[in-house]
Amino acid sequence: MSSLLDDLAPLKDEFIAFRHDLHIHPELGFTEKRTSDLIASKLEEWGYTVERGFGGTGLVATLHNGTSQKVIGLRAEMDALPIVETTGLPWQSGQESISHMCGHDGHTTMLVCAAKYLATKRPFDGTLHLIFQPAEELLCGGSRMIDDGLFDKYPCDILFAQHNMPGLAAGNFYFHKDAAMASSDTVKITVTGKGGHGAMPQKAKDPVVACAQLVMALQSIVSRNVDPFAQAVVTIGALNVGRAANVIPDQGELLLTIRTMADDVRKLVLVRINEIATSTASAFGCQATVDHQNGSPVLVNGAQAIDFARQTAAEIVGADHCHDSPPFMASEDFAFMLHAHPNGCYWFIGNGTEGCNGNPLHNGGFDFNDENILPGAALFVGLVEKYLKSAS
Ligand SMILES: [Zn+2]
Ligand SMILES: [Zn+2]
């Protein structure tokens, strides 16, 4: 165990209680009022300058020490999910259908714990920006902060964030070079025909047949257009068309989620969805409109940043507790920040395999592992100490 973990040990009980308090009071994306109030009051008490209202409920806290011009940015997310918690734990959510089932209560706690240590000991020379973003689960809180001028007002030389991962060993760190998390796009396709009597199809333009054909035609994008060595998912999660056996409806609708691991593949898939939707609908005498509802880019880890993070983690928890991670087809809002600011990275901290800690993210029985608060905070502190070399 490194001396940094020993140094942080006295903070453990305080920050387990802090995490449980956040867990009992979860808030959905863009409504993190209590959470951001609590973070801001603590950080101001410890000497940080806090700016509120970035991306709605987001905040940035800044601490200068010494004379160096170097700047590091550390980010955590604050929002919860619309999920009914079933853990039965003493700190179970106090909201009936909102809960921290992705562990953002834990991520915020790790960063606030690191913030207290850094403010007390000041083992760095330079500037520290702590970024607490709203609405990660909506995949737009990060981009809202950027749109509000996050990196114009608070430019960073390097940027770091972390996420827990159930099923992986607690207190261990997992790193993936290059593209680590997929892009995400939601697309709605509306197919408009002409309704009529089910017994007289020749007088109608049937969107049911067009939609059915479209479901199959869209499968060809991954199998026929995407390079077999690239990764892409096109899932049609909803097909809504028609209500009665003897009625040809006017309109049908498909809802798609698209995941890719490279921006050029993402562009290709979106272009092909447009082409296939319009041409297939047209072949059946119907019209398709394609509505791209939201998207986030591929999360690409900077090569130098990920090596630096892994090396720092190895010094804190030992190289045998640092591992290669596979990429994931899930998506992460921090991708927007790394897209805008490529010198940075994101890694996973294993949440454990037992009980609530081992249950999947977004499952009502999940809970962030309190034993991770110190290792996660220690890595944030270690990165600050190493990157902004100690002034003392
Ligand atoms: Zn999540
Ligand atoms: Zn999450």
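**Exercise 1. Determine how the residues of the lining of the largest pocket divide into nonpolar, polar and charged.**

Solution. Counting Ala, Val, Leu, Ile, Met, Phe, Trp, Tyr, Cys and Pro as nonpolar, Asp, Glu, Lys and Arg as charged, and the others, Gly among them, as polar, one finds ten nonpolar, six polar and four charged residues in the lining. The model is a predicted one, in which local features need pLDDT of at least 70 and side-chain atom pairs count only at pLDDT 80 or more, whereas totals for chains, interfaces and linings use all residues; side-chain values use heavy atoms, without hydrogens and water. Residues are numbered from 1 along each chain as its sequence is written, while chains are lettered from A and ligands numbered from 1 in the order in which they are written.

Next, take the volume, which is about 300 Å³. A pocket here is an open set of points on a 1 Å grid over the protein atoms alone, where a 1.4 Å probe fits, with protein on both sides within 12 Å along at least five of seven lines, and lining residues have an atom within 4 Å of a point; the volume is the space filled by probe spheres set on the points, which are joined across faces, edges and corners. Of the 20 lining residues, Glu-136, Glu-137, Ala-330, Ser-331 and His-362 are the closest to the centre of this pocket.

**Exercise 2. Identify which residues coordinate the zinc ion (ligand 2), and state which parts of the chain they tie together.**

Solution. Start with the donors (N, O and S atoms within 2.8 Å of the metal, or 3.2 Å for Na, K and Ca; water is not among the atoms, so sites may look incomplete). They are Cys-102 (SG), His-104 (NE2) and His-163 (NE2), at 2.1 to 2.3 Å, and their spacing along the chain is C-x1-H-x58-H. Cys-102 also coordinates the zinc ion (ligand 1), which is 3.2 Å from ligand 2. Because Cys-102 lies in the loop between strand 3 (71-77) and helix 4 (104-121) and His-163 in strand 5 (residues 158-165), the pair ties together parts that are 61 residues apart in sequence; helices (H or I, at least four residues) and strands (E, at least two) are DSSP runs, numbered from the N terminus.

**Exercise 3. Decide whether Cys-102, His-163 and Ser-296 are buried or exposed.**

Solution. Apply the cut-offs: buried is under 20% relative accessible area, exposed over 50%, and partly exposed in between (1.4 Å probe, protein chains only). Cys-102, at 7%, is buried, and His-163, at 4%, is buried too. Ser-296, in strand 13 (residues 287-296), is buried at 0%.
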